[in-house]
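Q: Could you take me on a close look at one part of this structure, the place where two helices cross, and then show me what is linked to it? I am new to this, so please go step by step.

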Amino acid sequence: MRIFASLLLIISMMAPAAHAATLKIATLAPDGTGWMKVMRQAAADIKAETEGRVKIKYFPGGVQGSDKSVLRKMRIGQLQGGAVATGSLINISPASQLYNLPFTFRTLEELRAVREEFDPYIVEELGKKGYVVLGISEAGFAYMMSDEPIRTSDDAREQKVWVPEGDLIGETTFENGGVEPISLPLSDVYTSLQTGLINTIVVNASSAIALQWHTKVKYVTDFPLLFLTGAIIVDQKAFKKINAADQAIVKRIMADAFAQMDAQNEKDEAGARDALAQNGIEFVELSDADKQAWEELATGVVAELADKNVYPVDVFKQLQQRLQELRQE
């Protein structure tokens, strides 16, 4: 009986450990940034509320490589998660590109008005591919930033335009405008701006400053091309090893953290625009005719991407219909 009782005691002591999990999550975000501070606090809160059963270990600053590398390491189990640009998920699920098509949104308020309806669809579809989405973040609108003022696609043809490695939407957009974009990983952009390999980038204001790219450009075409989003995704198999109650804790705390980040990102983007102007960068205003020409180009791009099954066409039509209704209110 003593032996049996001792075995029960040992088993009971081991039980909590059986549910313990460490989620290794990589990101390109530099350590010390506001984003990382929020994420580290979320990790601390998760550890505390789960009494140490769930821990999150971050690998910031791109030490695990590009988004492409992070996704590969998740597939082979070296990492359990990644904070990645949703554009990098293009080969995983078309649903991930729903918010990424050019000239879809005119304002941040439009995006926020549809997220409650369409975020669950994105989460569900990525779930079918084996990923748990812990949050979708609003990074801000991306603008063309360049050495010379760009107003038309003809102006763009004279530039050496960068697009992120594997960015099919960006490549298609510029190619339809007669531009041959230069595809490079994020880590090569600053050096390529220094050497003149590229002289035009498409990026949001706060990232341009954080990565010091703004020191290599003189103009911003003040007409947003697209809205940038990111997501933290975790391997579904790894997440299911966590008990249901702790899964709920992780999702709740992460949802709160993402809401906090979105509010902060909005402030950061506004501040970054002011900082760019204060650093002597000129914002180039477009005429109505120029804006219409870019939007017409985007219409052709969206049609071509539909033929390539890059995004869920029927759902995107629903999104467009919802935006039209919002604009008429």
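A: Let's start with a term: a crossing is called right-handed if the near helix is turned clockwise from the far one by less than a right angle, and left-handed if it is turned anticlockwise. By that rule, helix 6 and helix 11 make a right-handed crossing. Do keep in mind that this is a predicted model.

Now find the two helices. Helix 6 covers residues 168-176 and helix 11 covers residues 288-307; their axes come within 9 Å and cross at roughly 130 degrees. That makes helix 6 oblique to helix 11, because an angle of this kind falls outside the ranges for roughly parallel, roughly antiparallel and roughly perpendicular.

Which residues meet there? From helix 6 come Leu168, Ile169, Thr172, Thr173 and Asn176, and from helix 11 come Leu297, Gly300, Val301, Glu304 and Leu305. Sorted by character, the residues of this contact are five nonpolar, four polar and one charged.

Glu304 is a good one to follow further. Glutamate 304 is partly exposed, since its relative accessible area is 28%, and the buried class holds only values under 20%. Glutamate 304 also forms a salt bridge with lysine 308, where the closest N and O atoms are 3.3 Å apart. Lysine 308 is partly exposed as well, with a relative accessible area of 40%.

This pair can be set beside others, as the salt bridges in the model come to 16. One of them joins aspartate 154 to arginine 157, with the closest N and O atoms 1.9 Å apart. Both of these residues lie in helix 5 (residues 153-157), three residues apart, which is about one turn of the helix. Aspartate 154 is partly exposed at 48% relative accessible area, and arginine 157 is partly exposed at 39%.

Another salt bridge links distant parts of the chain. Glutamate 110 pairs with arginine 327, the closest N and O atoms being 2.7 Å apart. Glutamate 110 sits in helix 4 (residues 108-128) and arginine 327 in helix 12 (residues 313-328), 217 residues apart. Glutamate 110 counts as buried because its relative accessibility is 10%, while arginine 327 is partly exposed at 33%.

Note on methods. Residues numbered from 1 in each chain as written. Predicted model: local features only at pLDDT ≥ 70, side-chain atom pairs only at ≥ 80, totals over all residues. Heavy atoms only, no water. Axes fitted to C-alpha atoms, helices over the stretch in contact; angles between N-to-C directions. Helix = DSSP H or I, 4+ residues; strand = E, 2+ residues; numbered from the N terminus. Parallel < 35°, antiparallel > 145°, perpendicular 65-115°, else oblique. Contact = heavy atoms within 4.5 Å. Nonpolar A, V, L, I, M, F, W, Y, C, P; charged D, E, K, R; others polar. Salt bridge = Lys/Arg side-chain N within 4 Å of Asp/Glu carboxyl O. Buried < 20%, exposed > 50% of the residue type's maximum accessible area, 1.4 Å probe, protein only.
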